[in-house]
Amino acid sequence: MKRCFYSVFFLLILSVQAFSQDLIQELGRMYSNLDSGEFYLTEAKQKLYSPTDSGVYRFYVAEYQNLKDHTQESRRLFLEALPYYTDEIPSLRSVTYIRLTRMDQSSGLFDQALNFAQQGLDFARSISDTAKMAFHLTDISVIHHDMENFELGVEYGKKALELLNASQNPDPYYQSIALNAIGINFDDWSKLDSALKYHFQVLDLMSELDSTRVFFVWNNIGNTLLKQKKYPEAEKWLQIAKRINQKNRQNSYGLAANYTNLATIAYNQNQWEKARLMLDSAQYFVEKSESTEKKRDYLYEEYRFRKAKGELSSAMDYLEQYAALKDTIFKAERIKTIGELEAIYEVEQKERQLAESRARLAENELVVESRNNQLLLLLLFLLISLGLGFFIYYRQKNKTRHLEQEAKLQTIFAEQQTQRKLQEQRSRISSDLHDNIGAQLTFIVSTLKNLKYTDLSKEKIAEKLDQISEFTVETVNELRDTIWAMNKETINLEDLQMRIYGLIEKANSACPATKFALEVDPKVELQELSLNSMEGINYFRIIQEAVNNAIKHSAAKEIKILITCEGQKLLVQIKDDGRGISEQKSLGNGLGNMKIRAERIGRNLQILSTPDRGTEISII
């Protein structure tokens, strides 16, 4: 099944920019010649001339591992490849999201699968790719089917179909998988007529499709007819599906479904030996496909087969395996089903014991009394069993309610903690406004009052007024930066970068002879770091002060700001190639303020300087 899907997706990739076409076509050869895949990758590695080429290469390395059935290694490589994709190869990103979705879905990791499908849907919307949007919606529909949320599954499948039908030239293959998703949800929702309606619509598209690409439709029609107990008709469809899947490179996933359904038909017609052979084949292909969904279906049919044959002890074993898998992956309530089987099994044992007692006491004159006693014991046992079952059910219900209440309390507590932290941040910023902006405004007012009572020449007064004007502009800018921080609950790296770029732009205007640069380590962007408002404004203030000091005092030709990270900790360096700071010179107001700001957010300020060789200020 994997290689069939990959051949389909390879066609999607051919829509990327022309300059990467040769590399894609060269690596695409491994879909039809997997044994030479390693050779193709080695050859291609020598021809990587651009970031786009690098993204294409990494995609195919992950594809190769997936084709070799190294699922976990492939998943890891796809995740590593995502950051290397450029805007010139959007199809690779879409296909990668599809791969990750289906890997996690097959492993039963439905929450993660839904997350990747949603990311793929968001990306498809961002590039206005209707076909990919429909594809991701279809994947979400199938995931909800596997989670047994059939109503949601139908809803998402219909959204995908409506999206495709509204486009000018809908892809018939995309239409077929959307119809299939709706059909299988209706099927397991026990709305069999609706299921058949959508499955037969896929057949209406067959003139435009390759049958190997829609191998699933024959099995699904057979499966629905099976549920309607139309066994001979269902078997015809399933045999067609089996032949297609055998030709399609032994499609393990499809064959697991085919043999499981054929086994069900056989034992429902009392063809026990045939059913046994079909189930053994189903088990082989389930293990080969590594599909959690197909394993679930096989275990359930094995349980029903053995139960139908009267092998209740072994049926119990398979039901236990099915229930354990369903509890882990599908959130099933198995206690009731297992309890029913246990009750049947215990009743059978008691009946056998009663029959043996009858035989032993056949000639005993107390046979009637003994029989009544046995019946009373059996009744008592059933009452105790029912009472125990009710107790277990009630206890589980209370436990669930308790967990729900605990979850609500944790949510409320988390909200309170968030509000408290926000309040603390606002208090700190208010204090910063009071200490810095307030002090600066007080200084301006005081200076203006002093001018009134000072006998200075016009030139001196003009000079003083220029100083006051410059100081006022600085105060206004500082107030704007503080308001910017207060208006945000968190400040991400992009926000901080934009403020720093604004600072550099102003500095460039003031000092065109000095070269300014901002460098951000790529791993910082991968971490998706965010700062609270207090941290954001203090990082910016320190950088601003360091740049201003370098401009005013260092006579530097180049000033560089470097941002990197260590774990979740942001590291900042401001370097210049100026005259440096004298060892005898103590920390001035500017350097002292930077140190206080660093301590305020739990960081240290490190200053390294060599005369005539520059200064390096680090926030660590």
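Here a biologist asks a modeller how the labels on this predicted model were reached.

Biologist: Let's start with the whole chain. What makes up the protein chain, in helices and strands?

Modeller: The protein chain has 24 helices and 7 strands. Buried residues account for 44% of its 620 residues. And if you take contacts between residues at least 6 apart in sequence, 62% of them join residues at least 24 apart.

Biologist: Why is Asp104 called buried?

Modeller: Buried means under 20% relative accessible area. Asp104 has 2%, so it counts as buried. You'll find Asp104 in helix α6, residues 90-106.

Biologist: Which residues is Asp104 in contact with, leaving aside its neighbours within four places in sequence?

Modeller: Asp104 is in contact with Arg75, Leu109, Phe110, Gln112, Ala113 and Phe116. The word "contact" is used here because heavy atoms come within 4.5 Å.

Biologist: What makes Glu43 partly exposed, then?

Modeller: Partly exposed is the label between the two cut-offs, 20% and 50%. Glu43 has a relative accessible area of 35%, so partly exposed is the right label. Glu43 sits in helix α3, residues 37-45. Its C-alpha atom is 9.3 Å from that of Leu27, and the two residues are 16 apart along the chain.

Biologist: How do you know that Ser128 counts as exposed?

Modeller: Exposed means over 50%. Ser128 comes out at 61% relative accessibility, so it counts as exposed. Ser128 is in the loop between α7 (110-126) and α8 (130-146).

Biologist: What is the phi of Ser128, and why pick it out?

Modeller: Phi of Ser128 is near 55 degrees, a positive value in a residue other than glycine. It gets picked out because most residues other than glycine have a negative phi.

Biologist: Where does Asp612 lie, and why does Asp612 count as exposed?

Modeller: Asp612 lies in the loop between β6 and β7. Its relative accessibility is 66%, and the cut-off for exposed is over 50%, so Asp612 counts as exposed. Asp612 is another residue other than glycine with a positive phi, near 65 degrees.

Biologist: On to the sheet. What is the strand order in the open sheet of 5 strands?

Modeller: The order is β2-β4-β5-β7-β6, and the pairing is mixed.

Biologist: Why are β2 and β6 called edge strands?

Modeller: Each of them, β2 (515-520) and β6 (605-610), pairs on one side only. From one strand to the next, the twist averages 10 degrees.

Biologist: How do you know that β2 and β4 pair?

Modeller: Two strands pair if there are at least two bridges between them. Here 6 bridges join β2 to β4 (residues 558-566), and the two run parallel. Lys515, for one, has Glu558 in β4 as its bridge partner, and Leu518 stands opposite Ile561 in β4.

Biologist: In what sense do β4 and β5 pair, parallel or antiparallel?

Modeller: They pair in the antiparallel sense, over 8 bridges. Ile559 stands opposite Asp576 in β5, and Leu562 has Gln573 in β5 as its bridge partner. β4 and β5 form a hairpin with 2 residues between them, and Gly567 in the turn has a positive phi of about 70 degrees.

Biologist: How many bridges are there between β5 and β7?

Modeller: There are 5, again in the antiparallel sense. Gln573 has Ser618 in β7 as its bridge partner.

Biologist: Which strands does helix α23 lie across?

Modeller: Helix α23 (residues 533-554) lies across β2, β4, β5, β6 and β7 (614-619), running at about 10 degrees to β5.

Biologist: Last topic, cavities. How many cavities of 30 Å³ or more are counted?

Modeller: The count comes to 2. The second largest cavity holds about 30 Å³ of space. Its lining includes Ile491, Asn492, Val524, Leu529 and Leu570. The elements giving two or more residues to that lining are β1 (490-492) and β3 (530-532).

Biologist: What classes of residue does the lining of the second largest cavity have?

Modeller: It has 6 nonpolar, 2 polar and no charged residues. Asn492 and Ser530 are among the lining residues; they count as polar because neither Asn nor Ser is listed as nonpolar or charged.

Definitions and conventions: Residues numbered from 1 in each chain as written. Predicted model: local features only at pLDDT ≥ 70, side-chain atom pairs only at ≥ 80, totals over all residues. Heavy atoms only, no water. 1 Å grid on protein atoms, 1.4 Å probe; cavity = no way out; pocket = protein on both sides within 12 Å on 5 of 7 lines; lining within 4 Å. Points joined across faces, edges and corners; volume = space filled by probe spheres on them. Helix = DSSP H or I, 4+ residues; strand = E, 2+ residues; numbered from the N terminus. Axes fitted to C-alpha atoms, helices over the stretch in contact; angles between N-to-C directions. Buried < 20%, exposed > 50% of the residue type's maximum accessible area, 1.4 Å probe, protein only.
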